[in-house]
Amino acid sequence: MNHIYNLIAQITWFFLKIVAFFHPKIKLFVQGRKDTFPILQKTIDKKKDVIWFHVASLGEFEQGLPVMEKIKAEYPTYQILISFFSPSGYEVKKNTPVADAVIYLPIDTLDNAKRFIATVNPKLAIFVKYEIWPNYLKVLGDNNIPTVLISAIFRKDQIFFKWYGGIMRKALDTFTQFFVQDEKSVNLLKGIGLNNITLSGDTRFDRVAEILERDNKLPFMEQFKGTSPCFVAGSTWPEDEAIMLPFINETQSPLKFVLAPHNIKPEHITDLKKSITKKTLLYSEWENNDPSQFDVLIIDTIGLLTKIYSYSNIAYVGGAFATGLHNTLEPAVFGIPIIIGPDFSKFNEAKALVLKKGILVIKDRAEFDTTITQLLENPDYLRKTGQVNADYVNGNKGASIQIMAYVRTLL
């Protein structure tokens with residue numbers, strides 16, 4: 001089975017190199033990995049211990065960040081290495097100050113894994129949420145390097161729990177400790193003979209809780225919002241925008257609207273702006289305009305959404321009509337009602353907040369119009385709905401504290 005897995009990995013890499021000629025994101029995926037070992041040779045000091053974090057993309061980076069920051073503060077002599085699988089994470093965070101080096105993880109072949117571990121020689125490896133790579137885990141185990149999986153969540157339909165998932169189950173045996181988000185994950189792991197498990201919850205709660213402690217002021221948002229109520233739609237896809245745009249164009253409410261699309265390519269931003277009949281400003285144009293004179297603001301850049309949520313009275317989080325729901329905890333921490341689409345079953349925090357009625361689910365344009373109108377016309381309902389979300393975040397903090405207590409026993 002290992003031979004088959006390695007063959008598949010090599011064939012996949014071969015075809016990715018071909019596809020890279022035609023697909024910009026795959027090109028980044030392939031070319032970025034050519035720089036991995038040169039970056040390591042340049043940045044890793046062999047005289048210092050290394051703690052290696054591996055994440056899939058930006059969301060997993062944010063999950064791991066509370067632990068990264070705590071380790072950096074508590075163990076300043078250690079080097080922190082962060083590897084990404086996806087370009088969408090690496091390209092945004094390749095210069096993050098929390099790390100001494102940021103790289104793409106080479107494809108999971110046995111040769112790559114041996115070379116990588118020999119080069120880095122980590123004192124500790126921390127994988128975040130889903131990242132299970134059999135060859136890397138095998139080499140880590142062969143070298144007796146403690147390996148921890150944090151903020152993990154398992155589902156019955158995953159390969160680990162199928163009759164044909166033997167190689168992936170074997171990979172799980174490598175982990176020194178699992179820190180999981182929910183009781184279902186505990187039971188699934190125990191069902192395949194794993195007992196080194198801590199039910200710690202999700203480190204994202206710690207991450208978003210820290211947001212409240214920082215300066216979230218944005219001059220353009222203060223000018224744009226003024227004293228008006230504000231609706232912020234974050235990480236939207238065309239399916240989400242089609243639901244909201246009729247309301248935005250037709251409402252007589254003094255509500256200000258901020259749209260932060262997932263896709264900020266110029267052609268999509270241009271089309272989105274053309275579809276709005278109210279006075280609309282792009283973020284990239286605000287310094288040459290008076291934002292207060294506009295009704296709609298389109299954010300055509302990345303990295304601002306979390307702070308923008310702090311100005312919101314109602315939030316919409318995109319993705320649940322398209323590829324998958326985006327982060328609902330970022331607006332939730334500010335104690336505001338959240339509206340989402342219908343596909344949220346894979347997100348525990350969304351399921352919990354839907355049951356608690358802090359997140360409101362809509363299935364079409366009519367339900368969106370009704371939901372947002374009810375919130376606007378009933379301030380007490382709006383306030384109580386938002387408070388549910390703030391209380392939920394506050395009540396679920398602490399995962400990174402449990403993880404750090406364990407990390408100290410390994411360093």
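This is a short tour of some helices, one strand and their contacts in a predicted model.

**Stop 1: helix 10**

Start by selecting residues 204–211, which make up helix 10. Is this helix mostly covered or mostly open? Mostly covered: seven of its eight residues are buried. To see them, colour Arg-204, Phe-205, Asp-206, Arg-207, Val-208, Ala-209 and Ile-211.

Now bring up what those buried residues pack against. On the list are helix 4 (58–74), helix 14 (305–309) and helix 15 (329–332). Add helix 16 (348–356), helix 18 (379–395) and helix 19 (399–407) as well. Keep helices 4, 16, 18 and 19 on screen, since they come back below.

**Stop 2: Arg-204**

Zoom in on Arg-204, in helix 10. Why does this arginine count as buried? Because its relative accessibility is 12%, and the cut-off for buried is under 20%.

Show its surroundings next. Setting aside neighbours within four places in sequence, Arg-204 is in contact with Gln-63, Asn-327, Leu-329 and Glu-349. Which of these deserves a distance label? Try Glu-349: its side chain and that of Arg-204 are joined by a polar contact of 2.8 Å.

**Stop 3: helix 16 on helix 18**

Stay with Glu-349 and widen the view to helix 16 and helix 18. Their axes come within 10 Å, crossing at roughly 135°, and the two helices are therefore oblique to each other. The crossing is right-handed.

For the contact itself, select Asn-348, Glu-349, Ala-352, Leu-353 and Lys-356 on helix 16, then Val-388, Asn-389 and Tyr-392 on helix 18. Coloured by class, that set of residues in the contact of helix 16 with helix 18 shows four nonpolar, two polar and two charged. Glu-349 thus turns up in this contact as well as in the polar contact with Arg-204.

**Stop 4: helix 4 on helix 19**

Hide helices 16 and 18 and turn to helix 4 and helix 19. At what angle do they pack? About 45°, with their axes 10 Å apart, which makes helix 4 oblique to helix 19. Here, too, you are looking at a right-handed crossing.

On the helix 4 side, pick Pro-66, Val-67, Lys-70, Ile-71 and Glu-74; they meet Ser-400, Ile-403, Met-404 and Val-407 of helix 19. The class breakdown for the contact of helix 4 with helix 19 is six nonpolar, one polar and two charged residues.

**Stop 5: Thr-198**

Leave Ile-403 displayed and add Thr-198, which sits in strand 7 (residues 197–199). Put a distance on the C-alpha atoms of Thr-198 and Ile-403: they are separated by 8.9 Å, though the two residues are 205 residues apart along the chain.

What does Thr-198 touch, not counting residues up to four places away in sequence? Select Gln-177, Phe-178, Phe-179, Val-180 and Gln-402. With Gln-177 there is a polar contact between side chains, at 2.9 Å.

**Stop 6: helix 12 on helix 17**

For the last stop, select helix 12 (residues 238–250) and helix 17 (residues 365–377). The axes come within 8 Å and cross at roughly 50°, so helix 12 is oblique to helix 17. Their crossing is right-handed.

Display Ile-243, Met-244, Pro-246, Phe-247 and Glu-250 from helix 12, then Arg-365, Phe-368, Asp-369, Ile-372, Thr-373 and Leu-376 from helix 17, which they meet. The residues in this contact of helix 12 with helix 17 come out as seven nonpolar, one polar and three charged.

Terms used
Residues numbered from 1 in each chain as written. Predicted model: local features only at pLDDT ≥ 70, side-chain atom pairs only at ≥ 80, totals over all residues. Heavy atoms only, no water. Helix = DSSP H or I, 4+ residues; strand = E, 2+ residues; numbered from the N terminus. Buried < 20%, exposed > 50% of the residue type's maximum accessible area, 1.4 Å probe, protein only. Polar contact = N/O pair within 3.5 Å; in protein donor to acceptor, adjacent residues only side chain to side chain. Contact = heavy atoms within 4.5 Å. Axes fitted to C-alpha atoms, helices over the stretch in contact; angles between N-to-C directions. Parallel < 35°, antiparallel > 145°, perpendicular 65-115°, else oblique. Left-handed = near helix turned anticlockwise from the far one by under 90°. Nonpolar A, V, L, I, M, F, W, Y, C, P; charged D, E, K, R; others polar.
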